[in-house]
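The following exercises concern a predicted model. Please work through each task before reading its solution.

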Amino acid sequence: MEQKIPYKIYLNENELPKQWYNVRADMKVKPAPLLNPGTLQPLTQEDLAPIFCEELNRQELDNDTRWFDIPQEILDFYKMYRPAPLVRAYFLEKALGTPAKIYYKFEGNNTSGSHKLNSAVAQAYYAKKQGLKGVTTETGAGQWGTALSMACSFFDLDCQVYMVKCSYEQKPFRREVMRTYGAKVTPSPSNTTNVGRQILEKFPGTTGSLGCAISEAVEAAVSQPGYRYVLGSVLNQVLLHQTVIGLEVQTACKKYGIKPDIIIGCAGGGSNLGGLISPFIGEMLRGEAQYKVIAVEPASCPSFTRGKFAYDFADTGMICPLAKMYTLGSQFIPSANHAGGLRFHGMSPILSQLYHDGLFEARSVEQTAVFEAAQMFARIEGTLPAPESSHAIRAAIDEALKCKETGEEKTIVFGLSGTGYFDMVAYQKFNDGVMNDTIPTDEEIAANLANLPKVE
């Protein structure tokens, strides 16, 4: 007899992961090394020292250590909002009339409203431990900036956030949450940095991009003594910290005998997707299990599905290290749509290598279809999802409807990475029927890819 699954599966405090999982240790083909932008040689810890914190540099470059102990101070902070629930979407299943079992890992039950806090607290902790005065960063939709401002407030660090200009204007309340926690928030590109002024001269009237904001934040960090730069996605260290998501899902599934068939996550830079799927990909790499894993990205910024696997700059100003990743080109600036945090031109080197090796599939979806799924989910399941998370919801609904057609009783798990309560401008445009789908042309993408750096 099948065990009755609760609507919400809550783990207890003792079941909180005590270690982060490094999927690189199990990868047959390791991610290509980051390259020094000046010499095009693999970066060393010494190269990274002026940019990132010492311990984060070690985590960034470690391809072999499978498990990293989570410091007690970080565990204590996690306990304020973790473990996060795994929710059975009974109401959604019923509304769809599907035989599929649908679960979602809900990461929005903290003030930042998303999973970003998992890495923000770790990075702020290591900055404080190193004796730094503060940190700089960029933010797209605002979840990362909010999370970092909270973590910096907790550890008494200065926090300087460069927020993509269109989001700065669309989400004033997200900006004010950051300021409430003590952060200085600047719309990017700005006139406060050399690279910002150069971008404004080259792209007058631009609404900005994460690549622009990254360039400004890095310049701000290296030009101020006692500061370092921190990033909310893409980097190996960030995916490492976010594995608490997937590890908790694994624990909950084992506790209730749940065997996922399909695992789905939204994809922008890779933090949420990587955090959710890495422990399961690890099982696949070790030959212990097999899953269908789906990455879902916006059609307006389709790095997996239409990008190129090549070395590229992580920022528009071309001052950051080069990473081998699926990219649309560092000069690509997506439309000012509402995909929020999924507007980065590239993808995590770890996820890029795993995708290149065929460990998971990717699909892109238009934002109107995404908001249709978001509205359905909100009305049926009672939680207002973030636009980013709604990409995963769209794919989960599509997979559940396929099960309805075939009669297969598959188990679907997707990541609900955050709430959408600061995204009401986007919901307003959808409700008013004025939301458009803006998809880059092949010619636009090709023009940007033609400028990729020449790396052998």
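**Exercise 1.** Determine which residue of E4 stands opposite Lys-8, and place the pair in its sheet.

*Solution.*
Step 1. The residue opposite Lys-8 is Val-87, in E4.
Step 2. E1 and strand E4, which covers residues 86-88, run antiparallel and are joined by two bridges.
Step 3. These strands belong to an open sheet of seven, ordered E1-E4-E5-E15-E10-E11-E14, with mixed pairing.
Step 4. Strand E1 (8-9) and strand E14 (361-365) are the edge strands of that sheet, each pairing on one side only.
Step 5. H11 lies across E1, E4, strand E5 (101-106) and strand E15 (411-416), and runs at about 140 degrees to E5.

**Exercise 2.** Identify the lining of the largest pocket and state which helix gives the most to it.

*Solution.*
Step 1. The volume of the largest pocket is about 170 Å³.
Step 2. Its lining includes Glu-15, Tyr-21, Trp-67, Leu-247, Lys-254, Glu-283 and Arg-286.
Step 3. At least two lining residues come from each of helix H11 (236-256) and helix H12 (271-285).
Step 4. The helix that gives the most is H11, with four residues.
Step 5. By character, the lining comprises five nonpolar, two polar and five charged residues.

**Exercise 3.** Establish the strand order of the open sheet of four strands, and explain why one side of each edge strand is left without a neighbour.

*Solution.*
Step 1. The order is E8-E7-E6-E9, and the pairing is parallel.
Step 2. Strand E8 (184-188) and strand E9 (227-229) stand at the edges; each has a single partner strand, so one of its sides has no neighbour in the sheet.
Step 3. From one strand to the next, the twist averages 20 degrees.
Step 4. Within this sheet, strand E6 (residues 134-139) pairs with strand E7 (residues 158-164) in the parallel sense over six bridges.
Step 5. One residue of this pairing is Thr-139, whose bridge partner in E7 is Met-163.

**Exercise 4.** Which helices pack on the sheet that contains E6, and are the faces of E6 buried or exposed?

*Solution.*
Step 1. Helix H8 (residues 172-180) packs on the sheet and touches E6, E7 and E8; its direction makes about 170 degrees with that of E7.
Step 2. Helix H10 (residues 210-222) also packs on the sheet, touching E6, E7, E8 and E9, and its direction makes about 170 degrees with that of E6.
Step 3. In E6, six of its six residues are buried, the criterion being under 20% relative accessible area.
Step 4. Both faces are covered: on one side Gly-134, Thr-136 and Glu-138 are buried, and on the other Val-135, Thr-137 and Thr-139 are buried.

**Exercise 5.** Describe where Phe-203 is found and give its relative accessible area.

*Solution.*
Step 1. Phe-203 is found in the loop between helix H9 (194-202) and H10.
Step 2. The relative accessible area of Phe-203 is 23%. Partly exposed residues lie between the limits of under 20% for buried and over 50% for exposed, so Phe-203 is partly exposed.
Step 3. Neighbours within four places in sequence left aside, Phe-203 is in contact with Thr-316, Gln-331 and Ile-333.
Step 4. Phe-203 and Pro-189 are 14 residues apart along the chain, and their C-alpha atoms are separated by 9.7 Å.

Key: Residues are numbered from 1 along each chain as its sequence is written. This is a predicted model: local features need pLDDT of at least 70, side-chain atom pairs count only at pLDDT 80 or more; totals for chains, interfaces and linings use all residues. Side-chain values use heavy atoms; hydrogens and water are left out. On a 1 Å grid over the protein atoms alone, a cavity is a set of points where a 1.4 Å probe fits but cannot get out, and a pocket is an open set with protein on both sides within 12 Å along at least five of seven lines; lining residues have an atom within 4 Å of a point. Grid points are joined across faces, edges and corners, and a volume is the space filled by probe spheres set on the points. Ala, Val, Leu, Ile, Met, Phe, Trp, Tyr, Cys and Pro count as nonpolar, Asp, Glu, Lys and Arg as charged, and the others, Gly among them, as polar. Two strands pair if DSSP finds at least two bridges between them. Axes are lines fitted to C-alpha atoms, for helices over the stretch in contact, and angles run from 0 to 180 degrees between N-to-C directions. Contact means heavy atoms within 4.5 Å. Buried means under 20% relative accessible area, exposed over 50%, partly exposed in between (1.4 Å probe, protein chains only).
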